[in-house]
Amino acid sequence: LTNQTLKFYKKVCLPDNDYWITYNLENVTCKSAMPNYIGTDGEIELYFSANSGYKLPEQVSITMGGFPLSEDAFAWEAEEGLLHIIPDGGITGNLVITIEGCELLAVPTNLNATKITSSSAVLTWDNIEHAEQYQVHVTDEDDSTEDIITTTSNTYFEITGLKSASSYLWGVTPIASGYCGITQEAENFETLDVYTVTFNSNGGTVVEPQTVDAGSKITAPADP
């Protein structure tokens, strides 16, 4: 069929009070039966999945009669790939559903926590091709409300202000325009305990106590 014949065929065969549905899918596959038209009082529920190497987008584009469909007229659940369209005023024009898969960046590798003290640590990871920045997130295992999230263009980050003798989970998400990143979680790390060392001068010159991290050396007091 030629384009003109196809247009004529659609125009003639479309049932009364129904509207066409056009799908613009890029690197995305529909797992449901895809209706070609819908009635004025109809609703749509479809499931989609991203093709290999891609991720479903956080937002989709839907127009009705050439105008953007309001966000309260449909629900998009990116994690499940579920699209549900129920306009309050019914279907009043042809629908165009556009979903573009987001190309995935490589997963960060070789995550390490080094130079750990009672209050800080240096977090490192390998460079990811195309990544422009990295989002680093650190969570106290005993208090998830104290999440620390920061962004850096380096492949390392020194985090400070941690609690002593505490366990932390951390991960890295690469960021780049036109791409989607997957968060890579690392093994947890534990900050060092802190000890206070006191001195018994046996009635001599008072020596102030010293606070040191576990495994560190104290500073020898000055001679009296």
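# Exercises on strands, cores and a salt bridge

In this predicted model, Trp76 has Leu83 of β9 standing opposite. The exercises below start from this pair and then move along the chain.

**Exercise 1. Describe how strand β9 is paired, beginning with β8 and β9.**

Step 1. Strand β8 covers residues 74–77, and its pairing with β9 is antiparallel, with four bridges. Trp76 and Leu83 face each other in this pairing.

Step 2. Look at the connection. β8 and β9 make a hairpin, with four residues between the two strands. Gly81 lies in the turn and has a positive phi of about 75 degrees.

Step 3. Look for another partner. Strand β4 (residues 44–50) runs antiparallel to β9 (residues 82–85), and four bridges join them. Here Tyr47 is placed opposite Leu82 of β9.

Step 4. Put the steps together. β9 pairs with β8 and also with β4.

**Exercise 2. Find which residues have the most contacts inside the largest nonpolar core, and which elements contribute to this core.**

Step 1. The largest nonpolar core holds 23 residues. Phe48, Ile62, Trp76 and Leu83 have the most contacts inside it.

Step 2. The elements that supply two or more residues each are β1 (18–26), β2 (28–30), β4, β6 (61–64), β8, β9 and β10 (95–100).

Step 3. Take Leu83 as an example. Leaving aside residues up to four places away in sequence, Leu83 touches ten residues by name: Ile44, Glu45, Leu46, Phe48, Val60, Ile62, Phe74, Ala75, Trp76 and Ile97.

Step 4. There is also a second, separate core, which has 18 residues, among them Leu123, Ile128, Ala131 and Val136.

Step 5. Add the general background. In soluble globular proteins, nonpolar side chains tend to be buried together.

**Exercise 3. Give the strand order of the five-strand open sheet and state which strands stand at its edges.**

Step 1. The order is β3-β1-β10-β6-β7, and the pairing is mixed.

Step 2. β3 (37–39) and β7 (67–68) each have a single partner strand, so one side of each is left without a neighbour in the sheet. These two strands stand at the edges.

Step 3. Examine one pair inside the order. β6 and β10 run antiparallel and are joined by four bridges. Within this pair, Thr63 is opposite Val96 of β10.

**Exercise 4. Do the same for the open sheet of three strands.**

Step 1. The order is β12-β13-β16, and the pairing is antiparallel.

Step 2. The edge strands are β12 (112–114) and β16 (156–159); each has a single partner strand, so one side of each lacks a neighbour in the sheet.

Step 3. On average, neighbouring strands of this sheet are turned by 25 degrees against each other, direction ignored.

Step 4. β12 pairs with β13 (residues 121–124) over three bridges, in the antiparallel sense. Asn112 has Thr124 of β13 as its bridge partner.

**Exercise 5. Locate the salt bridge and decide whether Asp140 and Lys163 are buried or partly exposed.**

Step 1. A search of the whole structure gives one salt bridge. The partners are Asp140 and Lys163, and their closest N and O atoms are 2.9 Å apart.

Step 2. The pair links distant parts of the chain, 23 residues apart. Asp140 belongs to strand β14 (residues 133–140), while Lys163 is in the loop between β16 and β17 (167–175).

Step 3. Buried means under 20% relative accessible area. Asp140 has 1%, so it counts as buried. Lys163 has a relative accessible area of 36% and is therefore partly exposed.

Step 4. Add the general background. Side chains of opposite charge can pair when their charged atoms come close.

**Exercise 6. Compare the positive phi values of Asn110 and Lys115 with their exposure.**

Step 1. Asn110 is not a glycine, yet its phi is positive, about 55 degrees. Asn110 sits in the loop between β11 (102–104) and β12.

Step 2. Lys115 is likewise a residue other than glycine, with a positive phi near 50 degrees. Lys115 sits in the loop between β12 and β13.

Step 3. Asn110 has a relative accessible area of 47% and is partly exposed. Lys115, at 67%, is exposed.

**Exercise 7. State how confident the prediction is, for the chain and for residues 1–12.**

Step 1. The mean pLDDT of the chain is 86, and 87% of the residues reach 70 or more.

Step 2. Over residues 1–12, pLDDT stays under 50. For this stretch the model has two contacts beyond four places in sequence.

Key
Residues are numbered from 1 along each chain as its sequence is written. This is a predicted model: local features need pLDDT of at least 70, side-chain atom pairs count only at pLDDT 80 or more; totals for chains, interfaces and linings use all residues. Side-chain values use heavy atoms; hydrogens and water are left out. Two strands pair if DSSP finds at least two bridges between them. Axes are lines fitted to C-alpha atoms, for helices over the stretch in contact, and angles run from 0 to 180 degrees between N-to-C directions. pLDDT is the predictor's confidence in each residue, from 0 to 100. Contact means heavy atoms within 4.5 Å. A salt bridge is a side-chain nitrogen of Lys or Arg within 4 Å of a carboxyl oxygen of Asp or Glu. Buried means under 20% relative accessible area, exposed over 50%, partly exposed in between (1.4 Å probe, protein chains only). A nonpolar core is a set of buried Ala, Val, Leu, Ile, Met, Phe, Trp, Tyr and Cys residues joined through side-chain atoms within 4.5 Å.
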